[in-house]
Amino acid sequence: MVAPGGGAASWPSEGELDVVRKKVVGISGKDEGEVRVVACPYRICPLGAHVDHQGGTVTAMTINYGVLLGFVASDDAEISLQSGQFEGAIRFRVDDLQKPIENPENINWESYARGAVYALQNFGYELKKGIIGYISGVKGLDSSGLSSSAAVGIAYLMALENVNGLVISPVDNIQLDKSIENKYLGLENGILDPSAILLSRHGYLTFMDCKTASHSYVYFSELSKSQQCQGQLPFKILLAFSGLQHNLPKKRGYNTRVFECKDAARALLCATGCEDASCILRNVDPAMYEAQKCILEENLARRAEHYFSEMKRVVKGRDAWARGNLHEFGQLISASGRSSILNYECGSKEMIQLYEILLKAPGVLGARFSGAGFRGCCLAIVESDHAEAAAAYVRAEYEKAQPELVSKIPADRRVLVCEPGDGARVI
């Protein structure tokens with residue numbers, strides 16, 4: 001399988017695809033040749049954390065793990081789904097009117113399928129066909145800060161679009177997934193997650209302007225692009241899991257930070273005579289921020305400082321990546337992690353311990369939280385030759401620090417050595 005970016009995509013394997021196809025055949029009774037599979041990878045955000053909802057610029061790449069949704073078209077409008085992670089079956093119709101969830105405690109695995117139908121209905125797309133499908137993520141990687149929820153939502157969107165003959169661009173699917181998360185589930189997030197999943201290309205770092213919704217790609221070390229062999233890159237991605245898990249919409253720490261950023265933007269815009277502008281920090285001129293930041297309350301000042309310093313790190317990171325300077329790129333990632341702790345004030349004691357352990361691991365060039373930072377995992381960029389040694393070090397040291405939490409994580413999921421992935425696609 002060759003990725004659009006020119007490198008070899010290592011996920012999903014033929015074995016993984018075969019398992020999902022056979023599950024769909026068993027559920028639907030259809031021929032295996034009729035089964036399609038949506039491959040939606042998980043994503044990481046090396047730089048640009050916590051700024052997408054403020055119209056900032058973010059970086060992202062996918063990894064070689066994700067969600068697989070095998071499906072065939074229903075004979076009618078019914079959706080029938082089973083899951084590799086959850087018991088029971090989902091059944092409803094695509095012509096049922098979907099309404100937003102009012103109580104976040106009611107969110108379950110069925111919500112994302114209904115949310116996909118809700119988004120497509122709200123955007124005016126006509127759905128006549130349902131799907132019969134089987135969805136499976138990676139055990140232990142849900143609720144880990146890798147955007148598994150966005151991957152699930154996008155998978156349902158792409159399957160429904162496929163069976164209904166809808167040709168929808170990745171850019172439009174970003175907005176559809178945002179509708180699932182914002183309007184149906186009630187989560188105040190930006191476009192980072194769906195953009196990363198839908199737009200990523202193997203071997204490239206994706207840069208997304210969350211205000212204009214435009215994106216661009218930078219190949220790792222443009223000067224040596226012709227020298228890269230078979231898509232092999234000189235680094236691996238380390239994912240270290242904390243054992244802390246919860247569903248983001250059910251824990252409002254994330255939304256609180258978003259509202260604080262908006263309050264900071266409102267205060268700065270009013271102080272500079274721009275009170276009519278939308279209350280996002282992207283609309284605050286950096287020079288005006290420097291001149292007026294003294295007016296902000298302490299917590300708002302910290303949120304604004306994270307935003308503006310992170311934007312500088314994104315610019316520097318783009319240059320370092322293009323030059324192939326992994327050491328500089330890694331230092332910027334670690335600085336982003338520190339700002340998440342000190343300025344954005346996210347991360348529990350356990351997550352901070354894990355972050356600090358990663359920074360001491362052999363071959364690790366940079367580390368930070370993955371996702372919103374309230375639970376899940378930390379990511380690191382590590383030299384390829386030291387990846388396994390770094391993983392072993394982190395496993396041992398975190399188990400010493402948090403033996404009870406580690407005991408809850410499957411042994412083969414405590415630290416993963418990953419490779420950059422490709423964008424979402426139907427196979």
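1. A good place to start is L379, which sits in strand 10. Please keep in mind throughout that this is a predicted model. L379 is buried, because its relative accessible area is 0%, and the cut-off for burial is under 20%.

2. The surroundings of L379 are worth a look in the viewer. Leaving aside residues up to four places away in sequence, L379 touches I44, C45, L238, L239, L358, G366, A367, R368, F369 and S370. As for N103, that residue is 276 positions from L379 in sequence and 32 Å from L379 in space, C-alpha to C-alpha.

3. Strand 10 (377-383) also leads to helix 11, since the strand is among the elements that cover the buried residues of this helix. The others include strand 8 (235-241), helix 10 (349-360), strand 9 (364-369), helix 12 (403-406) and strand 11 (415-418). Helix 11 itself runs over residues 387-401, 15 residues in total. From first C-alpha to last it reaches 21 Å, close to the 21 Å expected at 1.5 Å a residue.

4. Which residues of helix 11 are buried? They are A387, A390, A391, V394 and Y398. These residues lie on the same side of helix 11, because they cover an arc of only 100° around the axis. The spacing fits a simple rule: an α-helix has 3.6 residues a turn, so residues three or four places apart point the same way. On the face turned away from the buried side, helix 11 carries the exposed residues E388 and K400.

5. Now to the helix pairs. Helix 8 (residues 298-323) and helix 9 (residues 326-342) have axes that come within 9 Å and cross at roughly 170°. The two are therefore roughly antiparallel to each other, as angles over 145 degrees are counted that way. Helix 8 contributes R302, H306, S309, E310, R313, K316, G317, A320, W321 and R323 to the contact, and helix 9 contributes E328, F329, L332, A335, S336, S339, S340 and L342. By class, this contact has six nonpolar, six polar and six charged residues.

6. Helix 8 has a second partner to check, helix 6 (residues 253-271). Here the axes are 9 Å apart and the packing angle is about 95°, so helix 6 and helix 8 are roughly perpendicular to each other. On the helix 6 side, R257, E260, C261, D263 and A264 meet N299, L300, R303 and A304 of helix 8. The residues of this contact divide into four nonpolar, one polar and four charged.

Technical notes
Residues numbered from 1 in each chain as written. Predicted model: local features only at pLDDT ≥ 70, side-chain atom pairs only at ≥ 80, totals over all residues. Heavy atoms only, no water. Axes fitted to C-alpha atoms, helices over the stretch in contact; angles between N-to-C directions. Helix = DSSP H or I, 4+ residues; strand = E, 2+ residues; numbered from the N terminus. Parallel < 35°, antiparallel > 145°, perpendicular 65-115°, else oblique. Contact = heavy atoms within 4.5 Å. Nonpolar A, V, L, I, M, F, W, Y, C, P; charged D, E, K, R; others polar. Expected span 1.5 Å × (residues − 1). Buried < 20%, exposed > 50% of the residue type's maximum accessible area, 1.4 Å probe, protein only. Arc of directions from axis to C-beta.
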